[in-house]
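Here are some notes to read beside the structure. Please keep the sequence and the 3D view open as you go through the points.

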Amino acid sequence: MTAIIECQNVSRTYQVGSSKVEALRNVTLSVERGAFLAITGPSGGGKSTLLHLLGAVDSPSAGRVLINGRDTSEMSEAESTRFRLNNIGFVFQRFYLMQTLTASENIELPMSEAGVGKKERRARAMELLQYVGLAGRASHRPAQLSGGEQQRVAVARALANNPSLILADEPTGELDESTGLDLLELFSRLNRDGATLVFVSHDPLVARAAREVVALRNGQISSSGAKATSGLT
């Protein structure tokens, strides 16, 4: 299979006051198309920093990150913004839905930014709401939805522009265990349907759902490997 992500000896150092903090140190990682990868490890181990690099939100201090063959450090800010819009879907712990918009309108936002016409946006939003099991919630605003329903809307929004890569930061962090399991079943279905998923999480349920797990500690990969079995059952 072809790698969708290649991290080559990646380091990321931040200046904090008069000190330098090494968030990542010489990380080398390859993610194949169709993977379901969970990045685990303690707080402060570098998980979120790595996710930001994989999402072209940040650039490494050393080494290279290639996504779909593109070196993210060679992109201008405008290029990286457009690249993210068309290639990467993000799912966050706290949903980040626009409270004044309906579920359908929230899903339409990234399509609007990509220049998709209104009729096509509406049809795609309804298709995605059906996919995530919320066809009857199109006109509901976030305050009228449960936490699990809001996260499903956020997943649908991440899928809006048909991205080749889905990145998630603690996607079950705001959900109870039962709702989190339901959401992970949705992610597993996405993966079976061909989506490439990379998650960072403390949640052991996420690691169980993933097909491959990478552990980060002190900015370095401490272990990695494909699991003999995958899924939640």
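**Notes on the predicted model**

1. Start with a covered acid. Aspartate 71 has a relative accessibility of 8%, so it counts as buried. Keep in mind throughout that the model is predicted. The partner of aspartate 71 is arginine 64, and their side chains meet in a salt bridge, 3.6 Å from N to O. Arginine 64 is partly exposed, because its relative accessibility is 36%.

2. Next, the sheet. Four strands make up an open sheet, in the order 2-1-4-5, with antiparallel pairing. Strand 2 (19-32) and strand 5 (70-71) are at the edges with a single partner strand each, so one side of each has no neighbour in the sheet. Strands of a sheet pair through backbone hydrogen bonds.

3. Look at one edge of the sheet. Strand 4 covers residues 62-67 and pairs with strand 5 over two bridges, in the antiparallel sense. Which residue stands opposite arginine 70? It is isoleucine 67.

4. Now helix 1. This helix spans residues 47-54 and lies across strand 1 (3-16), strand 2 and strand 4. Its direction is at about 125 degrees to strand 1. Helix 1 is mostly covered, with six of its eight residues buried. The buried ones are Lys47, Thr49, Leu50, Leu51, Leu53 and Leu54. Note that a lysine, Lys47, is in that list. Alanine 56 follows helix 1 and has a positive phi, near 60 degrees.

5. Helix 2 comes next. It runs over residues 77-87, and its buried residues are Ser80, Phe83, Leu85 and Asn87. What do these buried residues pack against? Their neighbours are strand 4, strand 5, strand 6 (88-92), helix 3 and strand 7 (165-169). Strand 4 and strand 5 also belong to the open sheet of point 2.

6. On to the aromatic rings. Over the whole structure, a search finds four aromatic pairs. One of them joins phenylalanine 92 and tyrosine 96: the ring centres are 5.4 Å apart and the planes stand at 80 degrees, so this pair is edge-to-face. Phenylalanine 92 is partly exposed, at 32% relative accessibility. Tyrosine 96 is exposed, with a relative accessible area of 55%.

7. A second pair is made by phenylalanine 187 and phenylalanine 199. Their ring centres lie 4.7 Å apart and their planes are at 75 degrees, so they too are edge-to-face. The two rings link distant parts of the chain, twelve residues apart. Phenylalanine 187 is in helix 6 (residues 177-192), and phenylalanine 199 is in strand 8 (residues 197-200). Are these rings buried or exposed? Phenylalanine 187 is buried, at 0% relative accessibility. Phenylalanine 199 is buried as well, with a relative accessible area of 0%. Phe36 joins Phe187 and Phe199 in one aromatic cluster.

8. One charge is placed over a ring. The charged end of arginine 189 sits over the ring of tyrosine 131, at 4.3 Å from its centre. Arginine 189 falls within the range of helix 6, residues 177-192. Tyrosine 131 falls within helix 4, residues 118-131.

9. Back to salt bridges. How many are there? The count comes to six. The bridge in point 1, between arginine 64 and aspartate 71, is one of them. Another joins glutamate 108 and arginine 121, whose closest N and O atoms are 3.5 Å apart. This pair links distant parts of the chain: glutamate 108 is in helix 3 (residues 103-113), arginine 121 is in helix 4, and they are 13 residues apart. Glutamate 108 is buried, at a relative accessible area of 11%. Arginine 121 is buried too, with 16% relative accessibility.

10. One further salt bridge deserves a look. The side chains of glutamate 149 and arginine 137 meet at 3.2 Å, N to O. Glutamate 149 lies in helix 5 (residues 147-159) and arginine 137 in the loop between helix 4 and helix 5, so the pair ties together parts twelve residues apart in sequence. Glutamate 149 is buried, with a relative accessible area of 17%. Arginine 137 is partly exposed, at 31% relative accessibility.

Technical notes
Residues are numbered from 1 along each chain as its sequence is written. This is a predicted model: local features need pLDDT of at least 70, side-chain atom pairs count only at pLDDT 80 or more; totals for chains, interfaces and linings use all residues. Side-chain values use heavy atoms; hydrogens and water are left out. Two strands pair if DSSP finds at least two bridges between them. Contact means heavy atoms within 4.5 Å. Axes are lines fitted to C-alpha atoms, for helices over the stretch in contact, and angles run from 0 to 180 degrees between N-to-C directions. Rings of Phe, Tyr and Trp (its six-membered ring) pair if their centres lie within 6.5 Å; planes under 30 degrees apart count as stacked, over 60 as edge-to-face and the rest as tilted. Buried means under 20% relative accessible area, exposed over 50%, partly exposed in between (1.4 Å probe, protein chains only). A charge sits over a ring if NZ of Lys or CZ of Arg is within 6 Å of the ring centre and within 35 degrees of the ring normal. A salt bridge is a side-chain nitrogen of Lys or Arg within 4 Å of a carboxyl oxygen of Asp or Glu.
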